[in-house]
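This report covers a predicted model. It deals with the contact between two domains and then with one helix.

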Amino acid sequence: MAGKTMAEKILSHVAKKDVEAGDIIIVDVETVFAHDGTAPLAFEEMKKMGVDTFFDPNKVVIVTDHTTPSPSEKISNIHAFLRNYCRENGCNFRGVGRGIGHQLLIEEFVKPWTVVLGADSHTCTHGALGAFATGMGSTDIAGAMAFGKTWLKVPESFKILVEGELKSPVSAKDVILKIIGVIGADGATYMAMEFFGETVNSMGISERLTLSNMAVEAGGKTGLCPVDGKTIKFLAEHRRKGFFKNLKPDQDAYFSKEIAINAAELEPMIALPHTVDNVKAVSEVGELDVDQVFIGTCTNGRFEDFEIVAKILKGKKVANDTRLLVQPASWRVYLKIIERGIAATLIEAGASINPPGCGPCIGRHLGILGDGEVCLSTQNRNFKGRMGNEKAYIYLSSPATAAASAITGRITDPRDFYH
Amino acid sequence: MLKTVFKGKVWKFGRDINTDIIIAGKRKYDTLDIKEIAKYAFEAINHDFSKKVKDGDVIVAGANFGCGSSREHAPLVIKALGISAIIAESFARIFYRNAINIGLSIVECKEASEKIEEGDEVEINLEKGTIKNLTKNEEYHFKPLPLMMTQILNAGGLVPFLSENNGYQIKQ
């Protein structure tokens, strides 16, 4: 019998039986999450199922992150409804300015070797901590919140081997953009993307989260990273002390697709409008002015991201005709960039800091683009209309490329600014 | 009883039709009324689509239909517009699950996706796994859904399925 992929190992553990790709299983869900865009519909569907309580309120997390603080009366009413619903039903609620749901889940809830579901496509992020984490729609999430279970097809896996030393400021974001550029927006549809190799081992948790976060942009069901000493240490530092077994695929595991990336040769990468797989090297873009630079989101809004940004912006100014928006992924990240003096560096350079949340990435408020404007963002998606204006152009890059471009006012290779 | 035969006129779209194109994220936060939100469906690529589409019409698209966000509003607005079924070369997985969960019929068929053109009249038979192109007088074949999904669709969606089975208390 062939060995197991990471996906097969986690799902065998959760299903308490030996499973392999293609099996249909019903499994217990450890953590289930929804946000202000998806929770109202989930609660409505739960009611239709005839259930008015959560299977376990401690395992349900609701976050108002997509539009926070509320920009309109209608949204304020939706937030009030969610707040009351959560109070009455005793589940976890994280409100205004606490942060992006994914970041809060990482900081507080996710455990390796469990199933994590979220009513948000970027739930694949949590695979970086060794959880089988996947996004679903509100009705599936309602089923999980009501009954504590879901059905899954054990996915085939896509082996993504990353080897070689990344040359700063080239980072995990450049790696994942490169991968998506090569395999395409549906290259991993229905599959688990499994990232491993010496480069992934040497990455910190923040960078691994960036890899896993974008698995869905290639159609992936989840994006898994190994569980090792770094994972265990991260969990221990974030309220999850305990014994978590290491995780890696077996030597003889069966992968239906594979790709190898040489990190040592990688340049800063960028995705051009309007699809995430429209990827080039930054050096190939040519002269292109940028109206807005946005650094934040569940992809790249963590402390380590702002640390690189501050290094590049220190003592410099944002270009006159360019706006720089910065948004920490959570209140913990916000506090840490203040304590370490990073916030001051960014503000002195000319950045505007948004309260923690999803902000401009989903196009509802805090940085909507004008007609014909160009935005360079560290987010994960550049679809037409994504940032609130279908006549705008969104480019995706690493925080380093975004910071360098904010200084020059045009798409810029960060290696020119990084010594 | 579940309807298994659909006949309608085709609206043709390309590949990678993402959920922001189907319904922009900014449209879903203001109201919970799907009929109201559905007015803005496909606004970025087909102006006034919601006014042009007729009950029973069919969407035919290329690969990776429904990629992007997990928003269930995407299949819901399509259903609310009266679209009877979607044929695509392939679907993104969250959209695929969502469509089944709300009882919207979807068919994966590369040949149909390539040969059918906008305005063609088609007849889909879910049980037989056939699509008749009445305009071009052609027939295409597709593989039926996996059993678990057929059961959910037959129940009328995930809500009635879970109500009938007291959650996931089903024989595997």
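## Contact between the domains

Three salt bridges are a small part of the account, so the count comes with its setting: between domain 1 of chain A and domain 2 of chain A there are 3 salt bridges, given that a salt bridge needs a side-chain nitrogen of Lys or Arg within 4 Å of a carboxyl oxygen of Asp or Glu.The two domains also share 20 residue pairs in polar contact, counting pairs with both residues at pLDDT 80 or more. On the side of domain 1 of chain A that touches domain 2 of chain A, helix H4 (101-108), helix H6 (172-183) and helix H8 (205-213) of chain A are the elements that give two or more residues. That side is made up of 13 nonpolar, 16 polar and 8 charged residues.

A salt bridge joins the side chains of Glu217(A) and Arg381(A), at 3.2 Å from N to O.

## Domain layout and buried area

The domain assignment of chain A places domain 1 at 6-262 and domain 2 at 270-417. Each side brings 37 residues to the contact: 37 from domain 1 of chain A and 37 from domain 2 of chain A. Their centres, taken over C-alpha atoms, lie 24 Å apart. Between them the domains bury about 3,000 Å², with 60% of it on carbon and sulfur atoms.

## Helix H14

Helix H14 of chain A runs over residues 399-408, and 9 of its 10 residues are buried. Among them are Pro399(A), Thr401(A), Ser405(A) and Ile407(A). The buried residues of H14(A) pack against strands E14 (292-296), E15 (323-327) and E17 (374-377) and against helices H10 (297-300) and H11 (303-313) of chain A. Just past H14(A), Gly409(A) has a positive phi of about 80 degrees.

Conventions:
Residues numbered from 1 in each chain as written. Chains lettered and ligands numbered in written order. Predicted model: local features only at pLDDT ≥ 70, side-chain atom pairs only at ≥ 80, totals over all residues. Heavy atoms only, no water. Buried < 20%, exposed > 50% of the residue type's maximum accessible area, 1.4 Å probe, protein only. Helix = DSSP H or I, 4+ residues; strand = E, 2+ residues; numbered from the N terminus. Contact = heavy atoms within 4.5 Å. Domains from an automatic or database assignment. Buried area = accessible area lost by both parts, 1.4 Å probe. Polar contact = N/O pair within 3.5 Å; in protein donor to acceptor, adjacent residues only side chain to side chain. Nonpolar A, V, L, I, M, F, W, Y, C, P; charged D, E, K, R; others polar.
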